[in-house]
Amino acid sequence: MTAIYERELDSQLNGLTGYVYGAIMLLFAGIYVMAFNLEGSPDFTSVLYSMKWIALITIPLLTMRSIAEERHQKTDQLLYSLPLGMTRIVMGKYLALVTVMAMPLAVMALYPLALNAAATAGHVALKSAYGALAGYFFLGMTLTAIGLFISSLMENVGLAAGACFLVMLVLHFLTPLARFISSSGAASLIAFGVAAVLFGLILWRATKNGLFALVLTLVLAAALGVCYALWPDSFSGLFAQVLEQLAVFDRFDNFTYDIFDIRSIVYFLSVTGVFLFLTVQAMERRRWAA
Amino acid sequence: MIEVSHLTKRYGSRVAVEDLTFTVDKGVVWGFLGPNGAGKSTTMNILAGCLAATEGRVAIGGHDIFEEPLAARRQVGYLPEQPPLYMGMTVREYLSFVARAKGVAVRDLDDQLDHAMAVTGVEEVADRLIRNLSKGFRQRVGVAQAILGDPEVIILDEPTVGLDPLQIVEIRKLIRALGRDHTVILSSHILSEVQAVCDRVLMIHHGRLVASGTPEELEQRFSGQVTYKITAKAMPMEVRQALEYLPGVTSVTAEMGAEGRTEAVIAASDTGPDMDEKLSFALSDRRIPVLRLEREQTSLEDVFLALAQEDGPASEAEDTPRHKRRGRGESA
């Protein structure tokens, strides 16, 4: 795993990707610190809150090549033939990406101290600043796992970046999107139905097994219909609630309110685990279906 | 060393490899020969653990590739058709990465790298970026990564594709050298390559094994007929009379050539090595001077071309050589 980790880290740092990512992060961190902290309040958490949207650009940039490039260059053949379990290969890659992701955060960790030393805008509350920074790191870990999974589904790096951007966009605006959906039970049912069809399409793409995807989608649709027939009231507003639960970005918000939210950390780690598992499965599936 | 039994790989409804069974002995260079699309790369990928089979069993050094994948893969070095090289790394960096990923201990790392680079002759480009290397050197680096970790089995999928003639000769030399310490399986659709490099041949067509043996055995097995060309200082009639009733001879064609010599073509069903002597003695018994006696055997190329041109269903593939053999016998 160490060899995979080091190679991935090397490829991120020897190419432009790692530096472009770091530059974007530090550029915007600098702009927000200047805007909020140098001439305003000493609240460093508002800087991190404002930087959430940057993940829309940085996560696709960071993760797009990781597996898609290996598939494109056929170097994945080497990975498959190594006497290493796929979990260790994926973990090696993931930890390297997390290391690169964390590098600008390590630099940003100096900002509260620098601000306090300069004392231009009052005293920065270090506890809440570093709590928020930790929350931002966990958010980054989760988004990196999602990006890595998307990269594992693609062979084209550009396509991986585009798909990752779209997913990040949807995740970022999930809560506002949820508000557009009518709270009626029927609207929830339709929305769940559309989600089931989308799930079926993704499954078809991932497994290349049309019959399996169709049967599973029909089973899901039938289960939804039965549930709706039995408990129609429980469907009202249900889809919006589910969407809000999936809104990864919003889980970070508590950290900016000076709350070190352990539940959110568990949530981040769980989602990370699920996507790493899915990445391993996507890689293994290629061994079976390539 | 490698046991493959009833191996089948299907892509949806398409069968790439069907019911393949063979055993590869230790310390031999094996050629996996077949026309394009015969299922060679699929089989190589399965043996290397890169691809799962639909049915069947593969054991490498006694380890089942599906049940004990890591133990099995530890014994295999694999060079796919397109060498899996990271272009942004130097040769040394790349080989060091592969060695460590294969679990080579740090204390053995330098020795292994030096050995792999020396065997494959890439020492002179060790510190150059792989993207700047010629195709021949890239192929050598690919072979070098395959031998890292000192695997028992080295699998090379079409290792000379795209190389120039000089590079091909060099890679073939390298494969022969590897065969001294490892079991090498080499896939190719180029006959001359298999004949030049391999001790034994597995011939595959439509995903099925149609023949296996040494190149010479295959030629004999599929030809069933040997042709001799004789130049003798006598009249054609005399040569014909001397040879046509000899046991093992099926036909004699004799014509008058230049300077009063007879050029004869003798087809013999006796493919044994002493047929040469029988022909020679038969002529000398009649005091006919033999100026030339050449044995011409049906080449492996004939067998291969027969397979490559065969468009029938896979199930008939095994009958193809027998069919061709009868055809040759009838026409002779």
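**Exercise 1.** How many cavities of 30 Å³ or more does a search of the whole structure find?

*Solution.* Keep in mind that you're looking at a predicted model. The search turns up 4 such cavities. Now take the largest cavity: about 80 Å³ of space lies inside.

**Exercise 2.** Work out which elements line the largest cavity, and what kinds of residues they bring.

*Solution.* Step one: list the lining. It consists of A:Y21, A:M25, A:A55, A:T58, A:I59, A:M101, A:L105, A:Y136, A:L139, A:G140 and A:L143. Step two: match these residues to elements. Those giving two or more residues are α2 (17-38), α4 (55-73), α6 (86-108) and α8 (126-153), all in chain A. Step three: pick the top contributor. That's α8(A), with 4 residues. Step four: sort by type. You get 9 nonpolar residues, 2 polar ones and no charged ones. Gly counts as polar in this sorting, so put A:G140 of the lining in the polar group.

**Exercise 3.** Find the charged ends that sit over rings at A:R7 and at A:R251, and say which ring each one covers.

*Solution.* Start with A:R7: its charged end sits over the ring of B:Y86, at 3.6 Å from the ring centre. So here the arginine is in chain A and the tyrosine is in chain B. Next, A:R251 has its charged end over the ring of A:Y267, 4.1 Å from the centre.

**Exercise 4.** Which residues do ring pairs link into a cluster with A:F28?

*Solution.* First, the overall count: there are 15 aromatic pairs over all chains. Then follow the ring pairs from A:F28, and you'll reach A:Y32, A:F36 and A:W53 in the cluster.

Technical notes:
Residues numbered from 1 in each chain as written. Chains lettered and ligands numbered in written order. Predicted model: local features only at pLDDT ≥ 70, side-chain atom pairs only at ≥ 80, totals over all residues. Heavy atoms only, no water. Phe/Tyr/Trp six-rings, centres within 6.5 Å; stacked < 30°, edge-to-face > 60°. Lys NZ or Arg CZ within 6 Å of the ring centre and 35° of its normal. 1 Å grid on protein atoms, 1.4 Å probe; cavity = no way out; pocket = protein on both sides within 12 Å on 5 of 7 lines; lining within 4 Å. Points joined across faces, edges and corners; volume = space filled by probe spheres on them.
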